[in-house]
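Please find below a short note on the structure, set out as numbered points. It is best read with the sequence and the 3D view at hand.

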Amino acid sequence: MKELLHFKRISDYHKLANLKAPQHPLISLIDYTQIKYPENIKEIKWRQDYYTIGLKRNVAYKFFYGQQEYDFDEGVMTFIAPNQVMSLGENPNLNTKPSGWLLLIHPDFFWNTDLAKKIKNYDFFGYSVSEALFLSEKEEHLIISLLENISSEYASNIDKFSQDIIISQLTTLLNYANRFYERQFITREKLNHRILNDFELVLINSLSDNELEEKGLPTVQKIAEKLSVTPNYLTGVLKHLTGQNTQQHIQNSIIKKAKEELTITNSSVSEIAYKLGFEYPSSFTKLFKNKTDMSPVEFRRKFN
């Protein structure tokens, strides 16, 4: 089964996993030990219209998200937003029993609430699965308790307070995940510094004359691809280590190169703009003035 499936409703996933119909159409907490994919499925690929928060261990499938692969032989959390493509492939090296939880939430559940706007601010919904969140035993118990609170609330008699209580618990869970990710950034400082070093090398190469003339201005997406990380994860690392996001680093490097061109060559502003990969000289002038409070001509006059 290699075609791309589309799960519009949470009940669609329940059917695939041979689970009972969800108690609530817009939210479901699934015990991973109860999931039973059809025996004829060796590989499956799908996209979904709902959020998935997973806490899984010993899952007998390889999980693919984008270009990354991860085996869930350790307890990790993953966060998947709607419309992202995922796939599972059988993992012949893992025969232990899977465990954990899957929380599925349709965006309609928190429509017209503060969380509907705030959930986009949680960068980890865009992280590559290779950057899943590793939890300590204490952290794992905390997350499980919040998941169980959510399940208990929607499984009981729904009343006018239920949605607010569930959203409050969910917001708390996401805020803890934010804290734990920050802790993970700190404990993985060596890896993050390697990413920073690699980023600087890729950026320098992307701003070489040959690269600019051939491929144009570097973008966050292009640089992240060269580093084999997602744009959100790269920005998270850079902001943690330097206080600036990826786009700011790119723009600062472009301005630095532009200043060199303005001071050591006689090229016109338009010629410099095209050389730097800008399609329009006016775009270059606008960025330069925004970053330096001077136009390129004013800068050249002042330093020459």
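1. Glutamine 244 is in contact with Leu238, Lys239, His249 and Asn252, leaving aside residues up to four places away in sequence. The model in which these contacts were computed is a predicted one. Glutamine 244 itself belongs to the loop that lies between helix 8 (231–242) and helix 9.

2. Is glutamine 244 buried, partly exposed or exposed? Its relative accessible area is 29%. Buried would require a value under 20% and exposed a value over 50%, so the residue counts as partly exposed.

3. Helix 9 (residues 246–264) should next be viewed together with helix 12 (residues 296–303): their axes come within 9 Å and cross at roughly 55°. The two helices are therefore oblique to each other. Their crossing is right-handed.

4. Which residues form the contact between these two helices? Helix 9 contributes Lys259, Glu261, Leu262 and Thr263, and these meet Pro296, Phe299, Arg300 and Phe303 of helix 12. By character, the residues of this contact comprise four nonpolar, one polar and three charged.

5. The largest nonpolar core has 33 residues, of which Ile53, Phe79, Phe125 and Leu174 touch the most other members. Two or more residues each come from strand 2 (27–31), strand 4 (51–57), strand 7 (76–80), strand 9 (99–105), helix 3 (137–155) and helix 4 (162–187). With eight residues, helix 4 gives the most to this core.

6. Another core, of 32 residues, lies apart from the largest one. Among its members are Phe199, Ala224, Ala258 and Leu287.

Definitions and conventions. Residues numbered from 1 in each chain as written. Predicted model: local features only at pLDDT ≥ 70, side-chain atom pairs only at ≥ 80, totals over all residues. Heavy atoms only, no water. Core = buried A, V, L, I, M, F, W, Y, C linked by side-chain atoms within 4.5 Å. Buried < 20%, exposed > 50% of the residue type's maximum accessible area, 1.4 Å probe, protein only. Helix = DSSP H or I, 4+ residues; strand = E, 2+ residues; numbered from the N terminus. Axes fitted to C-alpha atoms, helices over the stretch in contact; angles between N-to-C directions. Parallel < 35°, antiparallel > 145°, perpendicular 65-115°, else oblique. Left-handed = near helix turned anticlockwise from the far one by under 90°. Contact = heavy atoms within 4.5 Å. Nonpolar A, V, L, I, M, F, W, Y, C, P; charged D, E, K, R; others polar.
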